[in-house]
Amino acid sequence: MGTSGAFIKLLQACFVMIMTAGFLFVSLGEAMEVANNKTQEPGWRMHTLFSVECHNYFDWQTVGLMHSYRKSGHPGPITRLLSCTDEKLQDYRGMDLAPTHKVPSMSRHPVTGDWYLIGCDNILAQLHTKHPEYCDKVGGLLVFHIDDLRSLAPLWLSKTEEVRRDSAHWGTNITGDIFAKGWISEMYGYSFGAADVGLRHKIRDDLMLYPGYIPMERTEPILLHYGLRFTVGNWSFDKAQHHNEEIVYDCNRLFSLPPYPKEVQMMEPDLSRRRGLFLSIECINTINEGLLIHHESRGCPKPTRSRYLNFLKSKVFSLLTRPKTLKIDIKDTESATKEFSTQELGSVYYPKIHTIFSTECSPYFDWQTVGFIHSFNLSGQPGRVTRLLSCTEDKLKTYAGHDLAPTHYVPSMSHHPLTGDWYPAINKPAAVLHWLNHAIIDAEYIVILDADMIIRGPITPWEFGAERGHPVSAPYEYLIGCDNELAQIHTRHPEACDKVGGVIIMHVDDLRNFAPLWLHKTEEVRADREHWATNITGYIYGQGWISEMYGYAFGAAEINLRHRRRDDIMLYPGYIPLQGIEPRVLHYGLEFGVGNWKFDKADWREKDMTNVCWRQFPEPPNPSTLMSTDEGSLRRDKLSIECARTLNDALYLHHLRRNCLKTQSNENTLHAQSPPGISDQVERSKSSEYLKQNLLEKDASSDNGIQGNSELLKSTHRNSLSEKQMSLEEERGVSAKGGSHLLVRTGPRYWMVTLWFLSVLAFLVVVSTTYSRQKDEVLRKKNPRTKQ
């Protein structure tokens with residue numbers, strides 16, 4: 001609230017630009033070009049303001065902003081609005097960092113970051129402004145005429161106080177603040193104040209860029225706002241991790257060094273993404289350059305020469321960070337595009353893929369993970385796989401399944417940290433968002449699956465038609481809330497609500513934009529208990545359990561992210577598949593059966609299938625016993641059997657890796673068939689040649705350096721079995737000849753038969769040897785020459 005209060009006292013210019021400290025100037029935009037053209041006109045002047053507090057956290061941001069301001073040639077003076085208490089001001093060391101206007105502190109709350117302003121579209125705007133239709137959802141960078149700011153500033157302050165006092169309307173479904181604590185009252189104070197005086201904004205999405213995002217084509221942002229964590233290769237920067245840094249006052253201290261431009265050029269072939277990476281390293285390099293100049297002005301000794309210091313003073317860095325115009329030279333872009341053309345590289349470009357799935361640290365999800373990873377290894381799916389494991393710190397201490405999959409650990413939100421609501425499904429969007437913000441991701445497309453899935457073949461964007469702005473997913477027709485009042489309440493674009501789910505193939509940039517909304521809308525729908533009814537949601541129990549699915553659909557609709565629905569990508573076992581279609585994923589989320597045999601994953605929620613040796617699920621029928629004459633029903637039953645057998649195969653190999661063969665397990669068996677004896681040949685009920693070729697061993701952690709079409713992938717994996725994999729195949733009794741698999745299971749019965757056979761064989765060998773020796777002795781006695 002100190003920001004809005006400060007502006008009342010400082011109003012001297014024709015135009016005023018307002019921002020926070022976490023910005024850097026990088027170019028001269030259209031407004032700035034106009035300013036340069038009008039500087040000779042009498043009475044014309046621009047003044048830039050930014051607000052801070054008297055804290056180390058804001059001091060290094062001030063140094064970076066001021067350096068970029070001087071370097072960019074931005075017109076007009078600049079003033080720092082310093083909000084500080086009298087007590088803190090006495091010991092404050094940074095009064096010389098920028099031209100400063102001191103303001104009494106009116107803030108009691110920490111910086112919370114960026115949130116969503118949905119209150120412009122509902123009762124909040126109707127309560128706090130006479131003109132809710134004028135409520136613009138804007139922020140970050142603001143440029144005003146001085147007369148407009150004079151009219152707005154008092155209302156900005158009073159509306160902030162007014163919204164802050166209105167605790168009755170702090171709810172998440174009204175403000176969009178997931179904490180429902182009124183933290184974003186200042187943002188609403190601005191929007192409602194502007195609406196009351198009739199100010200309408202020209203909204204420009206090409207003026208500001210978050211480092212780590214891809215800039216718009218043929219444009220350069222005026223400002224870089226480093227409010228979010230961003231990465232370049234293995235290097236990353238997050239301003240929140242430097243809250244108490246005294247880097248301004250410690251001589252020659254700099255932030256961690258980012259990659260050099262040549263390294264960025266080598267790591268990213270895509271021109272648009274490379275431009276984004278260049279802007280990311282320009283951001284931190286500009287701050288470091290500003291710190292060096294600041295330290296020198298403070299009388300610090302000269303720093304030791306290094307490659308990085310030489311780079312900051314080089315012509316290359318000067319060229320990369322020179323003031324830019326808003327429009328890029330088209331010829332330069334075309335020349336660069338031609339230089340790095342994938343056609344000239346002599347190969348077809350296939351984007352990198354990363355597969356993720358979310359779980360919890362429980363036995364229920366562990367056996368699903370074992371099945372998922374086993375099927376992933378056999379499927380030929382390109383790229384890496386990561387399990388997003390949501391777990392509390394207490395449970396993590398005793399958790400025994402760390403080795404089940406490559407894992408990214410996520411704090412559990414099964415119990416909501418603020419509301420206490422028990423809703424484990426929220427872990428999925430929360431885990432995806434956590435992974436995006438904390439992991440180093442080098443893939444262009446993300447495949448999002450669930451743990452209770454069996455992968456049968458590659459799931460690729462080029463085969464299913466996913467592209468930026470158009471993710472691919474499976475149809476979920478039962479999400480009837482997309483067609484009724486539920487969508488009208490929870491998204492501004494109900495017509496864009498796609499009834500999809502299950503398998504998701506999405507460009508990483510779309511996912512970064514969408515993931516916060518996915519989580520936010522899930523919380524919003526979950527809180528809307530009045531609309532949990534079956535006739536509204538389609539959920540038969542009417543308890544809000546599918547809020548996450550609607551959160552996904554409504555979040556995508558908010559940014560008009562339209563899906564390409566593919567009904568050939570996923571199948572529930574027990575359903576009849578489309579004729580001539582081989583589904584890539586079997587999703588065993590529902591009960592299914594063949595004859596008298598049934599399987600329901602919910603029946604195994606409390607069974608520890610992975611830590612107790614030789615536990616397996618009841619064996620499904622042998623496919624050769626199926627008697628149905630209907631082709632569709634026969635295919636359905638074979639796929640059901642395949643799903644169950646794949647899970648059992650996965651558990652069998654898991655127990656082998658846990659050295660279960662060396663232990664007795666009679667007391668641990670769940671049923672008569674566990675551990676299994678010598679089974680029939682486990683024929684893969686994947687009758688098509690396609691899937692026979694696709695079930696090939698593949699290391700789960702391998703990268704996808706060369707990602708061709710599925711046929712190329714098949715041949716690559718077919719010829720690249722490692723020695724470890726081959727030895728495992730031999731140990732399992734698997735013959736990979738012709739792409740088919742023959743699995744002979746071993747158990748106590750088998751070993752008893754084997755031991756009996758070996759004992760008999762040993763006895764016969766001993767008898768034979770004894771008999772041969774006696775015969776030789778008799779011959780020697782009869783023949784003296786032989787003895788001599």
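I'll start with one aromatic cluster, made up of Y364, F365, W367, Y588, F592, W597, F599, W604 and F617. Keep in mind that this is a predicted model.

Two members of that cluster are worth taking as a pair, W367 and F617. Both W367 and F617 are buried. Their rings pair edge-to-face, with 4.9 Å from centre to centre and 70° between the planes. Where do the two residues sit? W367 belongs to helix 14, residues 363-379, while F617 is in the loop between strand 24 (597-599) and helix 22 (631-657), so this contact ties together parts that are 250 residues apart in sequence.

Another member of the cluster, Y364, also has a charge over its ring. The charged end of R605 sits there, 4.2 Å from the ring centre. A second case of this kind involves R526, which lies over the face of W545 at 5.4 Å from the ring centre.

Now the whole structure. How many aromatic pairs does the search find? The count is 32. One of them is Y57 with F58: the ring centres are 5.3 Å apart and the planes are at 75°, so this pair is classed as edge-to-face, the cut-off being over 60 degrees.

Are Y57 and F58 buried or exposed? Y57 has 6% relative accessibility and F58 has a relative accessible area of 11%; buried means under 20%, so both count as buried.

As a reminder on the numbers, a pair of aromatic rings is described by the distance of the centres and the angle of the planes. For W367 and F617, those are the 4.9 Å and 70° I gave earlier. That's what I have on the rings.

Terms used. Residues are numbered from 1 along each chain as its sequence is written. This is a predicted model: local features need pLDDT of at least 70, side-chain atom pairs count only at pLDDT 80 or more; totals for chains, interfaces and linings use all residues. Side-chain values use heavy atoms; hydrogens and water are left out. Rings of Phe, Tyr and Trp (its six-membered ring) pair if their centres lie within 6.5 Å; planes under 30 degrees apart count as stacked, over 60 as edge-to-face and the rest as tilted. Buried means under 20% relative accessible area, exposed over 50%, partly exposed in between (1.4 Å probe, protein chains only). Helices (H or I, at least four residues) and strands (E, at least two) are DSSP runs, numbered from the N terminus. A charge sits over a ring if NZ of Lys or CZ of Arg is within 6 Å of the ring centre and within 35 degrees of the ring normal.
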